[in-house]
Amino acid sequence: MAKKIFYIILALFALMQLFQPERNLSSENFKAELANFYEIPDTVETLLNNACYDCHSNNTDYPWFINVQPIGWYMQNKIDRGKNKLNFSNFGELNTKDAIDVLEDIQEAMKKNTMPLASYKWYNKEADLTIEQRDAIAEWALMLSKQISSDSTAALNKDAVLDTLN
Ligand code: HEC
């Protein structure tokens, strides 16, 4: 009996592997990419790259175990939901109000240490940000939101960027 159950579980596990989640991968350069529109210090960009872009951009750097279901499903679900809330790859498309809202959310997430998700920090140690690193992200977000709210055309030569990339 126990043997039978074991084989059934094994078969289910094997079956699960046939259903791979759709990956969030793109090698494109996005013209609405945050850095094309707004000034971002290298240090902050590196932090976002190490700790946020896997779930908040159009390109995820996947670990090998994305191939193992149901772990991959769980992970892809987080990525899809995260990207739905905030996508740095099309940040330039946000209107003034939405951009400011998102920047406020980022500050709050950094203060409360709710991002990146705890489960992500288990396997990506670089994403386990120190308080100084979180402060750096929050300060940049505050500065940028002030800049955008005082001048809605603050976007770094927005038109020029769009012209060259179109
Ligand atoms: C492993 C995936 C993952 C990583 C990495 C990640 N996030 Fe998120 N993020 C999510 C998910 C999922 C949500 C949506 C939460 C929800 O729907 O409740 C989210 C939501 C957000 C939101 C919207 C407001 C909120 O708190 O729900 C902000 C802002 C945010 N993330 C910022 C960041 C920043 C900044 C980083 C990097 C320091 C980061 N995230 C890293 C998955 C991630």
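The shell around the ligand in this predicted model divides into 12 nonpolar residues, three polar residues and five charged residues. Of the 20 residues around the ligand, Cys52, Cys55, Gly82, Met115 and Pro116 come nearest. The elements that give two or more residues to this shell are α4 (53-56), α5 and α6. Helix α5 provides the largest share of the shell, with five residues.

Next comes the nonpolar core. In soluble globular proteins, nonpolar side chains tend to be buried together. The largest nonpolar core of this model has 22 residues. Those with the most contacts inside this core are Leu34, Phe91, Leu103, Ile106, Ile137, Ala141 and Leu144. Two or more core residues come from each of the helices α2, α3, α5, α6 and α8. The largest share of the core, five residues, is given by α8. Helices α5 and α6 are thus named for the core and also for the ligand shell.

Which residues does Ile137 touch, leaving out those up to four places away in sequence? Its partners are Val44, Leu47, Ile106 and Met110. Ile137 lies within the range of α8 (131-150), and Ile106 lies within that of α6 (96-112).

The table lists the helices that give two or more residues to the largest nonpolar core.

| Helix | Residue range |
|---|---|
| α2 | residues 34-37 |
| α3 | residues 42-51 |
| α5 | residues 71-85 |
| α6 | residues 96-112 |
| α8 | residues 131-150 |

Helix α1 is a separate case. Is this helix hardly covered or well covered? Helix α1 is hardly covered, as the count of buried residues among its 15 residues is zero. The length of α1 can be checked by simple arithmetic. At 1.5 Å a residue, the 15 residues of α1 (residues 2-16) should span 21 Å, and the end C-alpha atoms are 21 Å apart, so the two values agree.

The last topic is the chain as a whole. The secondary structure of the protein chain comes to nine helices and zero strands. Why is the chain described as more spread out than a compact globule? The radius of gyration is 19 Å, and the globule rule gives 15 Å for 166 residues; the chain's value is well over that, so the chain is more spread out than a compact globule. Along the principal axes, the C-alpha atoms fill a box of roughly 70 × 40 × 25 Å. Buried residues make up 24% of the 166 residues. Among the contacts with a separation of 6 or more, 84% join residues 24 or more positions apart.

Definitions and conventions: Residues are numbered from 1 along each chain as its sequence is written. This is a predicted model: local features need pLDDT of at least 70, side-chain atom pairs count only at pLDDT 80 or more; totals for chains, interfaces and linings use all residues. A nonpolar core is a set of buried Ala, Val, Leu, Ile, Met, Phe, Trp, Tyr and Cys residues joined through C-beta atoms within 7 Å. A residue is buried if 20 or more other C-beta atoms lie within 10 Å of its own, exposed if 12 or fewer, and partly exposed in between; C-beta atoms are placed from the backbone. Helices (H or I, at least four residues) and strands (E, at least two) are DSSP runs, numbered from the N terminus. Two residues are in contact if their C-beta atoms, placed from the backbone, lie within 7 Å. A residue is near a molecule or strand if its C-beta atom, placed from the backbone, lies within 6 Å of it. Ala, Val, Leu, Ile, Met, Phe, Trp, Tyr, Cys and Pro count as nonpolar, Asp, Glu, Lys and Arg as charged, and the others, Gly among them, as polar. The expected span of a helix is 1.5 Å times one less than its number of residues. The radius of gyration is taken over C-alpha atoms; the globule rule is 2.2 Å times the number of residues to the power 0.38.
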